[in-house]
Amino acid sequence: MATLQAIKYNDGQLEILDQLLLPESCIFIPICNVEDAWAAIREMKVRGAPAIAIVGCLSLAVELRKLAAPETKEELCRFVKEKLDYLVTSRPTAVNTQLAAEACVKLCARLTDNTSVDTTAAKEDIIKHLEAMLADDIADNLAIGEHGARDITKKNATKDKLRILTHCNTGSLATAGYGTALGVIRSLHKANKLDQVYCTETRPYNQGSRLTAFELVYEKIPATLVCDSMAAAAMKQFKIDAVIVGADRVAANGDTANKIGTYQLAVLAKSHDVLFYVAAPFSSIDFQIPNGQSIPIEERPHSEMTHTGSTRTAAAGINCWNPGFDVTPAELITGGIITEKGVFKPDQLAPHQSN
Ligand code: MRU
């Protein structure tokens with residue numbers, strides 16, 4: 001069965017699966033411009049670091065395809081930069097949109113300097129560059145899946161089948177397809193090496209129970225849902241072999257921001273002697289930030305903690321703290337960082353940045 005597809009793009013038409021309606025209904029909504037994409041990202045109709053960047057960039061491609069070529073390349077590039085600057089403000093922690101924007105602005109500068117390229121050709125080049133992100137992300141995820149599955153299998157060579165714990169949603173719904181951490185799990189399953197995946201509920205937004213559980217059931221991957229508070233007991237009881245999570249931003253030293261609750265899993269993994277892996281493409285690695293301390297952490301609405309749907313479940317008047325992400329120190333990433341270029345120790349990422 002083909003994996004789920006949450007982003008559909010054909011001939012300048014962009015549609016996304018509205019993730020607010022999952023798992024009850026699968027409804028695609030059109031994204032007609034950058035403003036639509038910004039709103040869909042902010043409202044969490046699409047989420048997950050790679051998917052946010054891809055939908056943002058494709059929405060710009062949609063707009064550019066409809067735009068009559070501006071008079072000059074400078075005017076075209078100003079337009080592109082303004083739209084990208086706006087998209088970067090949609091959510092603060094994931095770095096993918098910022099890195100994609102920087103790459104596109106660099107392309108704009110090269111096209112402006114190149115006197116043999118006219119404005120129409122420059123516009124086409126920018127559109128092609130933005131549209132390529134969809135296929136590139138799937139290729140990266142397939143490679144992450146292979147590298148990760150090979151590394152985990154090798155490090156557990158005495159075991160026939162493995163038990164993996166994962167957090168949040170890192171699958172087809174969070175990427176262009178296949179997924180990062182969930183991609184590694186898919187690859188283990190394809191290789192007949194997966195006994196069971198345990199997915200956390202991922203409170204308070206429930207990306208695990210709503211989205212990851214949905215993907216795992218959809219693809220008939222053997223899976224068990226656990227509440228976040230059961231992680232230590234599950235590691236002990238089920239003899240988990242590895243924890244694999246995704247990333248919203250990996251700093252140059254390997255410190256990794258990911259969904260709130262990731263850090264506690266890394267601490268638990270260490271005390272249970274369980275390998276802890278981060279699976280992320282280089283498009284999630286921010287070499288401009290030396291360590292995790294300067295990663296901006298999104299604060300989410302308190303209603304995510306105090307309410308279930310429209311029903312209040314927490315005592316009225318209680319103070320709340322609801323960070324969307326936390327930072328796992330590099331030294332707790334004992335298995336390594338699984339990228340499309342291979343599996344690296346957190347402090348060994350830099351030499352692989354641009355090859
Ligand atoms: O708030 P979300 O749902 O966008 O958070 C998603 C995560 O934290 C994922 O683990 C991360 O973006 C990696 S997705 C491949």
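**Exercise 1. Arg-186 and its partners**

Does Arg-186 count as buried or exposed? Then find its salt-bridge partners in this predicted model.

*Solution.*
Step 1. Take the accessibility. Arg-186 has 4% relative accessibility, so it counts as buried. The cut-off for buried is under 20% relative accessible area.

Step 2. Take one partner. Arg-186 forms a salt bridge with Glu-215, and the closest N and O atoms are 2.6 Å apart. Arg-186 sits in helix H6 (residues 181-190) and Glu-215 in helix H7 (residues 207-218), so this pair ties together parts 29 residues apart in sequence. Glu-215 is buried, because its relative accessible area is 0%.

Step 3. Take another partner. Glu-219 also forms a salt bridge with Arg-186, with the closest N and O atoms 2.6 Å apart. Glu-219 lies in the loop between H7 and strand S6 (223-226), while Arg-186 is in helix H6, so the pair joins parts 33 residues apart in sequence. Both residues, Glu-219 and Arg-186, are buried.

**Exercise 2. Other salt bridges**

State how many salt bridges the structure holds. Then describe the pair made by Asp-241 and the network that includes Arg-91.

*Solution.*
Step 1. Count. The structure holds 15 salt bridges.

Step 2. Describe the pair. Asp-241 forms a salt bridge with Lys-159, and their closest N and O atoms are 2.7 Å apart. The pair links distant parts of the chain, 82 residues apart. Asp-241 is in the loop between H8 and strand S7 (242-245). Lys-159 is in the loop between helix H5 (119-155) and strand S4 (162-166).

Step 3. Compare burial. Asp-241 has a relative accessible area of 8%, so it is buried. Lys-159 has 36% relative accessibility, so it counts as partly exposed.

Step 4. Find the network. Salt bridges link Arg-91, Glu-298, Arg-300 and Glu-304.

**Exercise 3. The ligand site**

How many residues surround the ligand, and which are the closest?

*Solution.*
Step 1. List the surroundings. The ligand is surrounded by 18 residues. The closest are Arg-47, Arg-91, Asp-248, Asn-258 and Lys-259.

Step 2. Look at contacts to ligand oxygen atoms. Arg-47 places a polar side-chain atom 2.8 Å from an oxygen atom of the ligand. Gly-48 has a backbone N or O atom 3.0 Å from a ligand oxygen atom. Ala-49 has a polar backbone atom 2.8 Å from an oxygen atom of the ligand.

Step 3. Take the burial. The ligand taken alone exposes 420 Å², and the protein buries 100% of that.

**Exercise 4. Two helices**

Which residues of helix H8 are buried? Then place Ala-61.

*Solution.*
Step 1. Helix H8 covers residues 231-238, and its buried residues are Ala-231, Ala-234 and Met-235.

Step 2. Look down the axis of H8. The buried residues fall within an arc of 100°, so they line one face of the helix. Lys-236 and Gln-237 are exposed on the other side of H8.

Step 3. Move to helix H2. Ala-61 belongs to helix H2 (residues 49-66). Ala-61 has 0% relative accessibility, so it counts as buried. The C-alpha atoms of Ala-61 and Glu-124 are separated by 9.5 Å, though the two residues are 63 residues apart along the chain.

**Exercise 5. A surface patch**

Which residues form a nonpolar patch on the surface?

*Solution.*
Step 1. The patch consists of Leu-20, Leu-21 and Ile-27, and together they have about 210 Å² of accessible area.

Step 2. Locate Leu-21. This residue is in the loop between strand S2 (13-17) and strand S3 (28-31). Leu-21 has 31% relative accessibility, so it counts as partly exposed.

Technical notes
Residues numbered from 1 in each chain as written. Predicted model: local features only at pLDDT ≥ 70, side-chain atom pairs only at ≥ 80, totals over all residues. Heavy atoms only, no water. Patch = residues over 30% accessible without salt bridge, like charges linked within 9 Å, V, L, I, M, F, W, Y side chains within 5 Å. Areas by Shrake-Rupley, 256 points an atom, 1.4 Å probe, with all protein chains shown as cover. Salt bridge = Lys/Arg side-chain N within 4 Å of Asp/Glu carboxyl O. Helix = DSSP H or I, 4+ residues; strand = E, 2+ residues; numbered from the N terminus. Buried < 20%, exposed > 50% of the residue type's maximum accessible area, 1.4 Å probe, protein only. Near = heavy atom within 4 Å. Polar contact = N/O pair within 3.5 Å; in protein donor to acceptor, adjacent residues only side chain to side chain. Arc of directions from axis to C-beta.
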